[in-house]
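Biologist: Could you take me slowly through the salt bridges of this structure, explaining each pairing as you go?

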Amino acid sequence: MYRYDEFDHAFVKGRVEQFRDQVERRLSGELAEDAFKPLRLMNGVYLQLHAYMLRVAIPYGTLNSKQMRMLAHIARKYDRGYGHFTTRQNIQYNWPRLADTPAILDELASVEMHALQTSGNCIRNVTADHFAGAAADEVADPRPYAEILRQWSSVHPEFSFLPRKFKIAVTGAERDRAAIQVHDIGLHLKKNDKGEIGFAVYVGGGQGRTPMIAKKIRDFLPEEDLLSYTTAIMRVYNLHGRRDNKYKARIKILVHETGAEELARQVEAEFVHLKNGELKLPDGDIAAITTYFAPPQLRDRPESWESLARWKKTDADFARWVDQNVQPHKHPDYGMVTVSLKPIGGIPGDASDEQMDVVADIAAEYAFDEIRISHEQNIILPHVALADLEPVYRALQGAGLATANAGLITDIIACPGLDYCALANARSIPVSQEISRRFGAAERQAEIGELKIKISGCINACGHHHVGHIGLLGVEKKGAELYQITLGGSGDENSSIGEIIGRGFEPEKVTDAVETIVDTYLGLRLSKEETFLEAYRRVGPQPFKDALYPATAEAA
């Protein structure tokens, strides 16, 4: 993984000291909150319902055991003993004291971490496939390119005050695990007929109050032109993006109103002036960054298969965990382990300080000191020998981290909602907990199969409800919480925005509604192999509407 150079160290340290002075002036009354707000947001500090919140960047979701231990230490010393991993592959602390935030940032800097550009109208944390560098279906590791984009975009003088926040995602496999088509810019690494590396470029995706799927504006961009072409996109957006209405300020609105073809023409016209300039990436620079992400030296472990088969035969819970939470690795004797942060009845994405320390210990001993955070709010150990899965499982089990539900109905994405967020209209956490308990039985989850539920507490869609197979949006109606249901969304390579299925449900009725949807699916699927999303795309919304609103169906 990337290591700070002298400039990085000096820059981050300087920003910490600058913010320390700003906090002291705020606490003394010299700075009013209105003047302090843009300064704290530049350093990842929000003011939520009950307290300040600090959002820490985990660039492209990659960290090591030392950094994970620091995150645990901060949770223990400065918060209430836990952190919340987000859909941006970051971590949030919900209860830090404002006076402590400079000290937190100083401790983060000691392990090459920071909170820069985790807020504000700038280019946010660049995200990537959480299986990057390990996945069997990968064309190339997307993280070196995400790091190049991170270095280029950090405090970029031209793009630090954009019309609105800006999000970039990169994937290196045909199976999109980074949801690139619902980002402002999505980059799909691929090879052309000559075997050269490049990118398919998508622009204008996003969720929120106006969800849109990105448009492909370039089928193949040579890797050397990554920064030049991205700069061209940013310049067109910076020039024409709306600043008079924050609800229409994202690039997706510009793409929609201008048209993808016309926007691509403008980008190409700007690119002509940039493509052979100083932003062109030399092969040597790409190679230098790529060396930071060299895969570990994985030795053959042929004993893995016999050991794994024996353990699975003697322990049904272990076998279920392996089948559900371990994915194939590039090396046949290894696997990619998903550490679920979705215990049955728990809070999605939360991890205690003790759990973070356990993950750090496991990563150091069994996973070549590599850890990833997924946009689905789980932790990944990308390189684990099959022969080591049993002791890894036992260690996770002891920490309450061995829930075998990756990709199943209880692997729910949820934002903090009205329990924490000042923008929310409804609670996300209690709804996710109730659904998790209702469907928690292992046999029930296995019967249902792959099904992604995503919950947002407001239209800002931090819980990605628009691309949930079942999406739940919390709204406020006449002072009461209500949950609108969407069906058929997806954030993969075949992205789609879920369809609103009908009127909303009260909190006490929403889990029953979800069960009705699930039972309807089970009754109409052609085989156990047909997933919920496949079945929904085959039959459409009407059978689900009829089941959810029988009185309406009878009247029709």
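Modeller: Let us begin with a group rather than a pair: in this predicted model, R438, R444, E447, D512, E515 and D519 are linked in a network of salt bridges. The general idea is that side chains of opposite charge can pair when their charged atoms come close. A search of the whole structure finds 45 salt bridges, and a few individual ones can be followed in detail.

Consider E33, whose side chain meets that of R26 in a salt bridge, with 3.4 Å from N to O. E33 also forms a salt bridge with R40, where the closest N and O atoms are 2.7 Å apart. As for their surroundings, E33 and R40 are both buried, whereas R26 has a relative accessible area of 24% and is therefore partly exposed, since buried would require a value under 20%.

Another pair to look at is D323 and K312, which form a salt bridge whose closest N and O atoms are 2.8 Å apart. Here D323 belongs to helix α11, made of residues 316-325, while K312 belongs to helix α10, made of residues 303-314, so the salt bridge ties together parts that are 11 residues apart in sequence. The two partners can also be described by their accessibility: D323 has a relative accessibility of 52% and counts as exposed because the cut-off for that word is over 50%, and K312, at 27% relative accessibility, counts as partly exposed.

Note on methods:
Residues numbered from 1 in each chain as written. Predicted model: local features only at pLDDT ≥ 70, side-chain atom pairs only at ≥ 80, totals over all residues. Heavy atoms only, no water. Salt bridge = Lys/Arg side-chain N within 4 Å of Asp/Glu carboxyl O. Buried < 20%, exposed > 50% of the residue type's maximum accessible area, 1.4 Å probe, protein only. Helix = DSSP H or I, 4+ residues; strand = E, 2+ residues; numbered from the N terminus.
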